[in-house]
Amino acid sequence: MTVSHILQAKGRDVITAAPTAKVSDVARILSERRIGAVVITGAGGRIEGIVSERDVVRHIGKDGASALDLPVSAIMTRAVRTAREADTEAELMSLMTAHRIRHLPVTHEGKLSGMISIGDVVKHRIEAIEREAEEMKAYIATAG
């Protein structure tokens, strides 16, 4: 299965924020939307960074409550790894594991086209295993 298939099932909505948004605003978005990361976009929707719950917690732990008043550009990860719609489930798992990434923005023809989380990949993999088990049961029932 490819990233495109996963996005078809889960949707392509991506929550974004501007680099000038306050950390407190992004923390509120993360909480209200019950998501783990926000993509930071600039002019023309270009990906400039990503901010995860972990980023927010790390900076509050380091700087205290004053971190909430910073622009999100001060805490975002700038070197954003992305997935392509043609990437396979195995490629996603490898990339996420190797780089300890839980959220990958997806790009298509240079534009942001979705977001994949490790939870999406695991859910998709479990569903595939369950389908395979059901097919095996049906095969055994008809062959026996």
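This is a short tour of a predicted model, stop by stop.

**Stop 1: a residue in strand 3**

Select isoleucine 50. It sits in strand 3, which covers residues 47–52. Is isoleucine 50 buried or exposed? Its relative accessibility is 11%, and buried means under 20%, so isoleucine 50 counts as buried.

Now show what touches isoleucine 50, leaving out residues up to four places away in sequence. The contacts include Ala37, Val38, Val39 and Ile40. Asp55, Met76, Thr77 and Val80 are also among them. His103, Pro105 and Met115 complete the list.

Add leucine 104 to the selection. Leucine 104 and isoleucine 50 are 54 residues apart in sequence. In space, their C-alpha atoms are 9.2 Å apart.

**Stop 2: the largest pocket**

Stay with strand 3 and look for the largest pocket. It holds about 440 Å³ of space. Its lining has 18 residues. Which of them are closest to the centre? Select Ser52, Thr77, Arg100, Ile101 and Arg102 to find out.

Next, colour the elements that give two or more residues to this lining: strand 3, helix 3 (53–63) and strand 5 (103–108). Which element gives the most? Helix 3 does, with four residues.

**Stop 3: a salt bridge between two loops**

The whole structure has eight salt bridges. Three of them are on this tour. Start with arginine 12 and glutamate 85. Their closest N and O atoms are 2.7 Å apart.

Trace the chain from one partner to the other. Arginine 12 is in the loop between helix 1 (3–10) and strand 1 (16–17). Glutamate 85 is in the loop between strand 4 (83–84) and helix 4 (89–99). The two are 73 residues apart, so this pair links distant parts of the chain.

Turn on the surface and compare the partners. Arginine 12 is partly exposed, at 36% relative accessible area. Glutamate 85 is buried, at 13%.

**Stop 4: a salt bridge inside one helix**

Move to helix 2, residues 23–33. Select arginine 28 and aspartate 25. They form a salt bridge, with the closest N and O atoms 3.1 Å apart. Where do the partners sit? Both lie in helix 2, three residues apart, which is about one turn of the helix.

Check the surface again. Arginine 28 is partly exposed, with a relative accessible area of 43%. Aspartate 25 also counts as partly exposed, at 31%.

**Stop 5: a salt bridge between two helices**

Select arginine 125 and glutamate 89. Their side chains meet in a salt bridge of 3.7 Å, N to O. Arginine 125 belongs to helix 5, and glutamate 89 belongs to helix 4. They are 36 residues apart, and the pair links distant parts of the chain.

Which partner is buried? Glutamate 89 is, with a relative accessible area of 9%. Arginine 125 counts as partly exposed, at 30%.

**Stop 6: a nonpolar patch**

Stay on helix 5, which spans residues 118–143. Select Ile118, Val122 and Ile126. Together they make a nonpolar surface patch of about 220 Å².

Finish on valine 122, which lies in helix 5. How does valine 122 qualify for the patch? Patch residues need over 30% relative accessible area, and valine 122 has 42%. That value makes valine 122 partly exposed.

Key:
Residues are numbered from 1 along each chain as its sequence is written. This is a predicted model: local features need pLDDT of at least 70, side-chain atom pairs count only at pLDDT 80 or more; totals for chains, interfaces and linings use all residues. Side-chain values use heavy atoms; hydrogens and water are left out. Patches are made of residues with over 30% relative accessible area and no salt bridge: like charges are joined within 9 Å, nonpolar side chains (Val, Leu, Ile, Met, Phe, Trp, Tyr) within 5 Å. Accessible areas come from the Shrake-Rupley method with a 1.4 Å probe; for residues, only the protein chains shown count as cover. A salt bridge is a side-chain nitrogen of Lys or Arg within 4 Å of a carboxyl oxygen of Asp or Glu. Buried means under 20% relative accessible area, exposed over 50%, partly exposed in between (1.4 Å probe, protein chains only). Contact means heavy atoms within 4.5 Å. On a 1 Å grid over the protein atoms alone, a cavity is a set of points where a 1.4 Å probe fits but cannot get out, and a pocket is an open set with protein on both sides within 12 Å along at least five of seven lines; lining residues have an atom within 4 Å of a point. Grid points are joined across faces, edges and corners, and a volume is the space filled by probe spheres set on the points.
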